[in-house]
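Visitor: Please take one part of this structure and look at it closely, starting from how its strands are arranged. I would also like to know what surrounds that part.

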Amino acid sequence: MKSKRRIRVLIAKPGLDLHDRGAKILVRALRDSGMEVIYTGIRQTPEQIVETAVQEDVDVIGLSHLTGAHMALFPKVTKLLKEKGVNDVLVIGGGVIPEEDIPPLKEAGIAEIFGPGTPLETIVKHIKENVLR
Amino acid sequence: MFDKSELASALKEKERWEKRTLAKTLERFPERLKEFTTVSGMPIERLYTPMDVENLDYVRDLGFSGEFPFTRGIHSTGYRGRLWTMRQYAGFGTAEESNERYKYLLEQGQTGLSVAFDLPTQVGYDSDHPLAEGEVGKAGVPVNSLKDMEILFDGIPLGKVSTSMTINATAPQVLAMYFAIAEKQGVALDGVRGTVQNDILKEYAARGTYIYPPEPSMRLVTDIIEYCLENAPNFNTISVSGYHVREAGSTAVQELAFTLANGIAYIEAAVKRGLPVDSFAPRISFFFACHNDFFEEIAKFRAARRLWARIMKERFGAKDPRSLLLRYHVQTSGCTLTAQQPFNNIVRVTMQALAAVLGGAQSLHTNSFDEALALPSEIAVMTALRTQQTIAYESGVTNTVDPLGGSYLVEYLTNKIEGETSEYIEKIDEMGGAPSAIQKGFYQKEIADSAYKYQREIEDRKRTIVGLNKFVTDVKVPIKILKVDQEAEKRQIERLGKVRAERNGKKVKEALEKLRKAAEGQENLMPYLFGAVKAYATNGEISDTLREVFGEYKATTIV
């Protein structure tokens, strides 16, 4: 059931990756589209991200990673969510992610992966159409 | 540069041209856009004439190459004497694989090395730290201890090759390791050439590999300056970097202003330490991006040289001509590369590299066409290096110094960029200098605003990116990307365990204890870091020791 409150999104930078230009731009774009957005800043552990997500009661988590540790980090976030019994949060990812890594990431519960050059509009639309609550 | 009567008659002619020729053309063929601007949003006129540079004084503002204010270049003979250093940033997997890549690049005619360290190494974590998981060997080579450094430079003569190291918060210990390797190779430190980035201010503002708060971090920066001055006088002690500011989304002017303002802060810190400005200033170097806008970038480099020379002379009273030189490395702009139609990137890189050369760079890294997808493959790196070699040996642009000097457009832009940069620097001065402007979030906010504006222009199709928002195709060109060996992390952690087991634990403990004591006081830490790295203390152990004394920086994120 989709409620009428504004969609709440957490944009997060897991791991040591420091490339946050895209993440910050996305924060602004989502805000401009009417969502409430929280940005974690860089150097977050999956545990910290999940904790923030629960505390802030977000509907969506957007994970950004550009330095190749996504296979270690993204599935950890979804696993921790499951362990906490959170199953109605939409988790999406973005960054420099090789095509062959996308199917296993989806398998691990990341709903969609957005690569370099994705129009901001595409991400906004995806969130609006796929948010689970 | 022009006498008054000449200008007056040119102005009259211009008015006539506007009425007779231009007006008719505009009526029949309107221009494509209402306003033309550079990538950074600077308005660009239809036609530049002497009237746009009427106050330019040749001797005062341009002069001759190799002389103040160095607008035309820092060497009197430009590239006729010596070409720029071709230096590709590289490092991945483990020390073995990176060593192999360096040797490959040197065989292909590269003339200097540039080491990329992985992120755990850059923020002071060993490869087995929980936060390092998945990151080991990904964005660079892991260096935990002197052992890794021995392997990394195995068979590479440090007395002959100059090495640039992109390392900041952990620069002191990594540099100590590098110098220790030179000693082992029997090379005296005054014969070691290269550059350590050692630019912590831009880490807080744009890049992100800070560890400690600004004050102790500035102390470490200055320790390196002071140590090298006495022991490794041919090593560049800082590479004040605009590259990351630009890549984070700034304009050309912001890149220049924040970089020079940071440079001013480092000079002030070293002077405050009691070092005479002319003793260390010749070893401060710079690093800029080269973005897509050809003339804006060329003008930026020329303005940078002139402005820095003026700052050093007027603000710091430098007397040694070498203190006035803005020597710089350029990397073509990574953020302009597209994952779509990756071969188009070769063309972008070529134009950016050409602008860097026309701007007078001392050293150049050309990006590989596959870098929006992964770390570069060997074939992609070779193509990037060949791009530089083609410019150097085939284009003819190296035959004369500052070939675009005297262009009305380029001189106009050079003046404009210098002027706007100076205004920014004044503003930063009023805030109390770079460190305090950064702590107030000034740089961060300015950069984020510019980045968002640029992105919106792409989204709204006001700015065309070929193959991305125009000339799009579904045809995919298959390219083979580099995969970092998943076992590399495991091998690295095994080696780290072996180093810890085989070293003299007591010696390590003593060396770290001495380091801690020194850190609590005021001494230069470099000698203590040498002691620690030579005992095979790890980067993580050294960083932890300093974390305990200095504390950790907590960033406030500005979106």
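Guide: Two strands are said to pair if DSSP finds at least two bridges between them. The strands themselves, like the helices, are DSSP runs numbered from the N terminus, with at least two residues (E) for a strand and at least four (H or I) for a helix. What follows concerns a predicted model, in which local features need pLDDT of at least 70 and side-chain atom pairs count only at pLDDT 80 or more, while totals for chains, interfaces and linings use all residues. Residues are numbered from 1 along each chain as its sequence is written, and chains are lettered from A and ligands numbered from 1 in the order in which they are written.

The part to look at is the sheet of chain B. It is an open sheet of 9 strands with parallel pairing, and the order across it is β5-β4-β3-β2-β1-β9-β8-β7-β6. The edges are β5 (235–236) and β6 (238–241) of chain B; each has a single partner strand, so one side of each has no neighbour in the sheet.

Start from the β6 edge and move inward. β6(B) pairs with β7(B) in the parallel sense, over 4 bridges. One position to find is Ser241(B), whose bridge partner in β7(B) is Phe287(B). Strand β7(B), residues 284–290, then pairs with β8(B) over 5 bridges, again in the parallel sense. Here Cys290(B) stands opposite Thr332(B) of β8(B). The next step joins β8(B) to β9(B), residues 363–365, through 3 bridges, and these two strands run parallel. In this pair Val330(B) stands opposite Leu364(B) of β9(B).

Helices connect these strands along the chain. β7(B), helix α12(B) (residues 294–315) and β8(B) make a right-handed β-α-β unit. Right-handed has a set sense here: with the strands pointing away from the viewer, the path from the first strand over the helix to the second runs clockwise. β8(B), helix α13(B) (residues 344–359) and β9(B) make a right-handed unit of this kind as well.

Now consider the surroundings of β8(B). A residue is buried if 20 or more other C-beta atoms lie within 10 Å of its own, exposed if 12 or fewer, and partly exposed in between, with the C-beta atoms placed from the backbone. In β8(B), residues 328–332, 5 of the 5 residues are buried, so the strand is largely enclosed by the rest of the structure. In a regular strand the side chains alternate between the two faces of the sheet. Both faces of β8(B) are covered: Tyr328(B), Val330(B) and Thr332(B) are buried on one side, and His329(B) and Gln331(B) on the other.

A glycine in a helix gives another view of the sheet. Gly263(B) is found in helix α10(B), residues 252–272. It counts as buried because it has 25 C-beta neighbours inside 10 Å. Leaving aside residues up to four places away in sequence, Gly263(B) touches Val240(B) and Ile284(B); two residues are in contact if their C-beta atoms, placed from the backbone, lie within 7 Å. Val240(B) falls within the residue range of β6(B), and Ile284(B) within that of β7(B). Lys313(B), 50 residues from Gly263(B) in sequence, is 14 Å from Gly263(B) in space, C-alpha to C-alpha.

Helix α8(B), residues 214–231, can be checked by its length. Its expected span is 1.5 Å times one less than its number of residues. For 18 residues this comes to 26 Å, and the end C-alpha atoms are 26 Å apart, which agrees. The buried residues of α8(B) include Met218(B), Leu220(B), Val221(B), Ile224(B) and Ile225(B).

Finally, chain B also touches chain A. The contact takes 31 residues from chain B and 27 residues from chain A. On the chain A side, the elements giving two or more residues are α1 (21–32), α3 (70–83) and α5 (120–130), and α1(A) gives the most, with 5 residues. In α1(A), 9 of the 12 residues are buried, so this helix is largely enclosed by the rest of the structure. Its buried residues pack against several elements, including β1 (8–12) of chain A and α17 (442–459) of chain B.
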